[in-house]
Amino acid sequence: LALLTWWSTIEPSNDRAWPSDVAILPSAEVNGDFVTLRNVRNFDYRSDTDYTPRWTEKTVDLRQLDTLDLIAVYWMGDAIAHTMLSFGFAGEQITMSIETRKEQGEAYSPIAGFFRRYELYYVVGDERDLIGLRANYRTPPEDVYLYRTNATKENIRRLFLEYISKINRLHESPEFYNTATTNCT
């Protein structure tokens, strides 16, 4: 009972010692049909641990949002995949990945993910960063598959705006990642 009481008092935070790949939270501003994305990750990689951080700002026009791709990344054999979404704006892709926000020196554990170990983090980036990291720089390289969906433009827009809403909420009020309930899928 004492352990459960202590565990329930653990609070998520945006103020921890974060590694540079998750140090800055993305945010967005919606102004009519235009969405300005801040802190879009666009790193230059030499390896999965050696990179030059670069955060950019990008404005997209929701009227040009016309495609949605599902990306499946198999990192532990055929049974476990990480999923990401890539939103197409007249050929320009914005990719979003729901991930754990690990502290510096902390390793990922699916078991620890059940127990308030990591904060929830949405990476907003370009495909070159998010897919390229996994396919070209991780050791061993991960198998990456991209699937174009048949979603309607209205549903793509609704999903994109839901992601934007969640990104802004996490910027203001952090939440815990949970392996079962708030994971990448």
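Buried residues account for 41% of the 185 residues in the protein chain of this predicted model. Colour the chain by accessibility before going further. The accessible surface comes to about 10100 Å², and carbon and sulfur atoms hold 52% of that area.

**Whole chain**

Switch to a cartoon. The protein chain has three helices and ten strands. Followed along the sequence, these elements give the pattern α-β-β-β-β-β-β-β-β-β-α-β-α. The radius of gyration is 17 Å, close to the 16 Å of the globule rule for 185 residues, so the chain is as compact as a globular protein of that length. Along the principal axes, the C-alpha atoms fill a box of roughly 55 × 40 × 30 Å. If you draw a contact map, count the contacts with a separation of 6 or more: 65% of them join residues 24 or more positions apart.

**Stop 1: F43 and W55**

Select F43 and W55 and show the side chains. The structure has 13 aromatic pairs. F43 and W55 form one that is edge-to-face, with 5.2 Å from centre to centre and 90° between the planes. F43 sits in the loop between β2 (34-41) and β3 (44-45), while W55 belongs to strand β5 (residues 55-61), so the pair ties together parts that are twelve residues apart in sequence.

Are the two partners buried or exposed? F43 is buried, at 0% relative accessibility. W55 is partly exposed, with a relative accessible area of 23%; the cut-off for buried is under 20%, so W55 falls outside that class.

Extend the selection to Y45, Y51 and Y137. Together with F43 and W55, these residues form one aromatic cluster. Then add R41, which lies over the face of F43 at 5.3 Å from the ring centre.

**Stop 2: Y74 and Y145**

Select Y74 and Y145 next. The ring centres of Y74 and Y145 are 5.8 Å apart and the planes stand at 75°, so this pair is edge-to-face. Y74 is in strand β6 (residues 65-74) and Y145 in strand β10 (residues 143-148), so the pair ties together parts that are 71 residues apart in sequence. Y74 is partly exposed at 26% relative accessible area, and Y145 is partly exposed at 39%.

**Stop 3: the D33 network**

Turn to charged side chains. The structure holds 18 salt bridges. Select D33, D61, R63 and R157, which are linked in a network of salt bridges.

Within this network, D33 pairs with R157, and the closest N and O atoms are 3.2 Å apart. Which parts of the chain does this pair link? D33 is in the loop between β1 (27-31) and β2, and R157 is in helix α3, 124 residues apart. D33 is partly exposed, with a relative accessible area of 24%, and R157 is partly exposed at 29%.

Still in the network, zoom in on R63 and D61. The salt bridge between R63 and D61 has its closest N and O atoms 2.9 Å apart. R63 is exposed, at 55% relative accessible area, whereas D61 is buried, at 13%.

**Stop 4: D44 and R128**

Select D44 and R128. Their side chains meet in a salt bridge with an N to O distance of 3.8 Å. D44 lies in strand β3 and R128 in helix α2 (residues 127-137), so the pair ties together parts that are 84 residues apart in sequence. D44 is partly exposed at 31% relative accessibility, and R128 is partly exposed at 42%.

**Stop 5: K166**

Finish on helix α3 (residues 153-172), where K166 is found. Is K166 buried or exposed? With a relative accessible area of 14%, K166 is buried. Display its surroundings and leave out residues up to four places away in sequence: K166 touches L120, Y122 and E175.

Terms used: Residues are numbered from 1 along each chain as its sequence is written. This is a predicted model: local features need pLDDT of at least 70, side-chain atom pairs count only at pLDDT 80 or more; totals for chains, interfaces and linings use all residues. Side-chain values use heavy atoms; hydrogens and water are left out. Rings of Phe, Tyr and Trp (its six-membered ring) pair if their centres lie within 6.5 Å; planes under 30 degrees apart count as stacked, over 60 as edge-to-face and the rest as tilted. Helices (H or I, at least four residues) and strands (E, at least two) are DSSP runs, numbered from the N terminus. Buried means under 20% relative accessible area, exposed over 50%, partly exposed in between (1.4 Å probe, protein chains only). A charge sits over a ring if NZ of Lys or CZ of Arg is within 6 Å of the ring centre and within 35 degrees of the ring normal. The radius of gyration is taken over C-alpha atoms; the globule rule is 2.2 Å times the number of residues to the power 0.38. Contact means heavy atoms within 4.5 Å. Accessible areas come from the Shrake-Rupley method with a 1.4 Å probe; for residues, only the protein chains shown count as cover. A salt bridge is a side-chain nitrogen of Lys or Arg within 4 Å of a carboxyl oxygen of Asp or Glu.
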